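Let's take a walk through this one together. Keep the viewer open and click along as we go.

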Amino acid sequence: MTRTLIIAISLEITVSVFLYGKSLAAAPATKNKGPPALFAFGDSMLDTGNNNDLLTALKCNFRPYGRDFMGGKPTGRFCNGRVPSDFLAELLGLKKYLPAYLDKGLKTEDLLTGVGFASGATGYDPLTSQIASVISMPNQLNLFKQYKRNITAAVGQKQAAKIVAQSTYVMIAGNNDIANTYFSTPFRRVHYDVPSYTDLLIDHASSFFMSTFGQDLYGQGSRKIAVLSMPPIGCVPSQRTLDGGLRRECSERANEAALLFNSKLSPKLKDLSKQLPGSRFVYMDVYNTLLDIFQNHTKYGFEVGNKGCCGTGNIEASILCNRLQDTATCKDDTKYVFWDSLHLTERAYEILSNETFNKYKNQLL
């Protein structure tokens, strides 16, 4: 039994005991007119701390991460502060922070208004999570099934089914598949060119939605499933450093792969909405919004758009962005688009979240 499963089973027992101890007869009344809860799946853009207790180097529950979060608390968010899952929860009128499901400090009200299952460095390709030793997409769904058992024990089957049926689901994945598994290792390039590899990713994504996520939620009467596009991964600082030449330009091959994947993901989600009546898969384009922020950062009030705040800003991320980098880390991260060499600052994430939500809110509410 893996450490991840041990943690998950222990959490299920702990949460179940806690919920039964509360003797809840019904969930608290929802104050907002939107969904009763938000659930996040995918990678580090939405991860709020699920990697903290995993045996992986790809975590960030240490300084300087989280230096602007609740007075300087590193929670496992790959950022200096809040991430898009937090902002979306607030925009939906739910809460300011979306906790990680594997957070040992979870409370009953946290579970009933939504949690995150996302795991930094995962992807649609199962090899990606294996390489990184993080939570795969299927295992994120297994945690969600465990979650449903917990809230059923707390509020009863009818109320639990209502929460699951009326909630909003958001996810993003794919950039780790392209940047890490495909271009940084030889394992897939031996057998696939970029077009065939993006086909493989779409097959895995489709299978994930249909056999696990889509069918399961459809059976419960799910309402909205928001799927974010792959970002322009070639423009993050690490890709500029590794594949952008002496001038550290955006990696064209990585961005072209992302665009090709997105061109296949959008119609696939439309097909899923037709195949699963009553469930709406919403394709949310973040590629173009992010590309504009990266290329025209001064328009958004940023001074630096091609390197991160942490350390040199060229390559540091996760364990390479640590306390030893404090002296080299920028003093004012609001001037930076990127926090580390892979992830955006809280301010950049807030801009992205607001613009994306305003563009698609009629489909989400």
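Where is the place of P237? Before you hunt for it, keep in mind that this is a predicted model. P237 has its place in helix 9, which covers residues 237-243. With a relative accessible area of 0%, P237 is buried. Setting aside residues up to four places away in sequence, P237 touches R248, N306, K307, G308, G313, N314, F338, D340 and S341. Take F338 from that list: P237 and F338 are 101 residues apart in sequence, yet their C-alpha atoms are 7.9 Å apart in space.

Now for the sheet. Four strands make up an open sheet, ordered 1-2-3-4, and the pairing is parallel. At the edges stand strand 1 (38-42) and strand 4 (280-284); each has a single partner strand, so one side of each is left without a neighbour in the sheet. On average, and ignoring direction, neighbouring strands here are turned by 20° against each other. If you zoom in on strand 2 (residues 168-172) and strand 3 (residues 224-228), you'll find four bridges joining them, with the two running parallel. One residue to click on is Y169, whose bridge partner in strand 3 is I225. Helix 10 (residues 252-275) lies across strand 3 and strand 4, and runs at about 160° to strand 4.

Next, the nonpolar packing. As a rule, nonpolar side chains in soluble globular proteins tend to be buried together. The largest nonpolar core in this model has 95 residues, and the members touching the most others are F39, Y147 and F209. Which helix gives the most to this core? That's helix 5 (residues 137-155), with eight residues. Apart from this core lies another one of 12 residues, including F62, Y65, F78 and V304.

Y147 deserves a click of its own. Leaving out neighbours within four places in sequence, Y147 is in contact with F39, Y101, L111, L112, V115, F117 and I163. Several aromatic names turn up there, which brings us to the rings. A search of the whole structure turns up 22 aromatic pairs. Take F39 and F117: their ring centres are 6.4 Å apart and their planes stand at 35°, so this pair is tilted. The pair links distant parts of the chain, with F39 in strand 1 and F117 in the loop between helix 3 (108-112) and helix 4 (126-132), 78 residues apart. F39 is buried, at a relative accessible area of 0%, and F117 counts as buried at 0% relative accessibility too.

Another pair is Y101 with Y147, and this one is edge-to-face: 6.3 Å centre to centre, with 80° between the planes. Y101 sits in the loop between helix 2 (84-91) and helix 3, while Y147 belongs to helix 5, so the pair ties together parts 46 residues apart in sequence. Both Y101 and Y147 are buried. Pull back a bit and you can see how these rings join up: F39, F41, Y101, F117, F144, Y147 and Y169 form one aromatic cluster. Y169 is the strand residue you met earlier, bridged to I225.

One last stop involves a charge and a ring. The charged end of R347 sits over the ring of F302, 4.2 Å from the ring's centre.

Methods: Residues numbered from 1 in each chain as written. Predicted model: local features only at pLDDT ≥ 70, side-chain atom pairs only at ≥ 80, totals over all residues. Heavy atoms only, no water. Core = buried A, V, L, I, M, F, W, Y, C linked by side-chain atoms within 4.5 Å. Buried < 20%, exposed > 50% of the residue type's maximum accessible area, 1.4 Å probe, protein only. Contact = heavy atoms within 4.5 Å. Pairing = 2+ DSSP bridges. Axes fitted to C-alpha atoms, helices over the stretch in contact; angles between N-to-C directions. Phe/Tyr/Trp six-rings, centres within 6.5 Å; stacked < 30°, edge-to-face > 60°. Lys NZ or Arg CZ within 6 Å of the ring centre and 35° of its normal.
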